[in-house]
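Me: Got a minute to go through this one with me? I'd like to take it piece by piece.
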Amino acid sequence: MPRYEYRCRTCGTTFEVSRPMAESSAPADCPSGHDDTVKLLSAVAVGGTSSAPAAGGGGGCCGGGCCG
């Protein structure tokens with residue numbers, strides 16, 4: 001189940017809530033009981049390595065060959 005991060009505008013607490021994606025835009029109450037919260041934008045980092053060559057054949061910023 002996805003986790004969404006919120007910040008309370010009243011006390012400044014940042015907290016997470018696990019909920020289904022269908023409820024991602026539903027409001028969340030602060031753990032201290034405040035209801036003035038805002039959902040934060042979270043960046044997801046996906047890392048790892050690949051043994052497959054990059055699409056376009058590599059060669060720098062433009063795939064090679066087009067920027068002499």
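Me: Let's start in the strands. What stands opposite Tyr6 in S2?
Reply: Phe15 is the residue across from Tyr6 there. Keep in mind that this is a predicted model.

Me: And how are the rings of Tyr6 and Phe15 arranged, stacked or edge-to-face?
Reply: Stacked: the centres are 5.7 Å apart and the planes make an angle of 15 degrees. That angle counts as stacked because the cut-off is under 30 degrees.

Me: How many aromatic pairs turn up in the whole structure?
Reply: One, from a search of the whole structure.

Me: Are those two rings buried or exposed?
Reply: Tyr6 is buried at 2% relative accessible area, and Phe15 is buried too, at 8%.

Me: OK, zoom out. How do S1 and S2 pair?
Reply: They run antiparallel, with five bridges between them. One of the bridge partners is easy to find: Tyr4 is matched with Val17 in S2.

Me: What sits between S1 and S2?
Reply: Five residues, and the two strands form a hairpin. In the turn, Gly12 has a positive phi of about 85 degrees.

Me: How does S3 come in, parallel or antiparallel to S1?
Reply: Antiparallel, over three bridges. Cys8 has Thr37 as its bridge partner in S3.

Me: Which way do the S1 side chains point?
Reply: They alternate. Tyr4, Tyr6 and Cys8 are on one face and buried, while Arg3, Glu5 and Arg7 are on the other face and not buried. In a regular strand, side chains alternate between the two faces of the sheet.

Me: And which residues of S2 are on its covered face?
Reply: Phe15 and Val17. The uncovered face of S2 has Thr14, Glu16 and Ser18.

Me: Which residues make up the largest nonpolar core?
Reply: Seven residues: Tyr4, Tyr6, Cys8, Phe15, Val17, Ala28 and Cys30. S1 and S2 are the elements that give two or more residues to this core, and S1 gives the most, with three.

Me: Where does Cys30 sit?
Reply: In the loop between S2 and S3. Cys30 is buried, because its relative accessibility is 4% and the cut-off for buried is under 20%.

Me: What does Cys30 touch, leaving out its neighbours within four places in sequence?
Reply: Cys8, Cys11, Thr13, Phe15 and Thr37. Take Thr13: 17 residues from Cys30 in sequence, with the C-alpha atoms 7.5 Å apart in space.

Me: Lots of cysteines in that answer. How many disulfides does the structure hold?
Reply: Zero.

Me: Why is Cys8 not bonded to Cys11?
Reply: The sulfur of Cys8 is 3.6 Å from that of Cys11, its closest cysteine sulfur, so the two are too far apart for a bond. A disulfide here needs sulfur atoms within 2.5 Å.

Me: What about Cys30, which cysteine sulfur is nearest to it?
Reply: That of Cys11 again, 3.7 Å away, and Cys30 is in no disulfide.

Me: And is Cys8 buried or exposed?
Reply: Buried, with a relative accessible area of 2%.

Me: Switching to charges. How many salt bridges does a search of the whole structure find?
Reply: Two. In one of them, the side chains of Arg3 and Glu16 meet at 2.5 Å, N to O. That pair links distant parts of the chain, with Arg3 in S1, Glu16 in S2 and their positions 13 residues apart.

Me: Are Arg3 and Glu16 buried or exposed?
Reply: Arg3 is exposed, at 54% relative accessible area. Glu16 is partly exposed, at 45%.

Me: What does Arg9 form a salt bridge with?
Reply: Asp36, with the closest N and O atoms 3.8 Å apart. This pair also links distant parts of the chain: Arg9 is in the loop between S1 and S2, Asp36 is in the loop between S2 and S3, and they are 27 residues apart.

Me: That distance looks borderline. Why does it count?
Reply: Because the cut-off is a nitrogen within 4 Å of a carboxyl oxygen, and the closest N and O atoms of Arg9 and Asp36 are 3.8 Å apart.

Me: Last one: how accessible are Arg9 and Asp36?
Reply: Arg9 is exposed, with a relative accessible area of 56%, and Asp36 is partly exposed at 34%.

Methods
Residues numbered from 1 in each chain as written. Predicted model: local features only at pLDDT ≥ 70, side-chain atom pairs only at ≥ 80, totals over all residues. Heavy atoms only, no water. Phe/Tyr/Trp six-rings, centres within 6.5 Å; stacked < 30°, edge-to-face > 60°. Buried < 20%, exposed > 50% of the residue type's maximum accessible area, 1.4 Å probe, protein only. Core = buried A, V, L, I, M, F, W, Y, C linked by side-chain atoms within 4.5 Å. Helix = DSSP H or I, 4+ residues; strand = E, 2+ residues; numbered from the N terminus. Contact = heavy atoms within 4.5 Å. Pairing = 2+ DSSP bridges.
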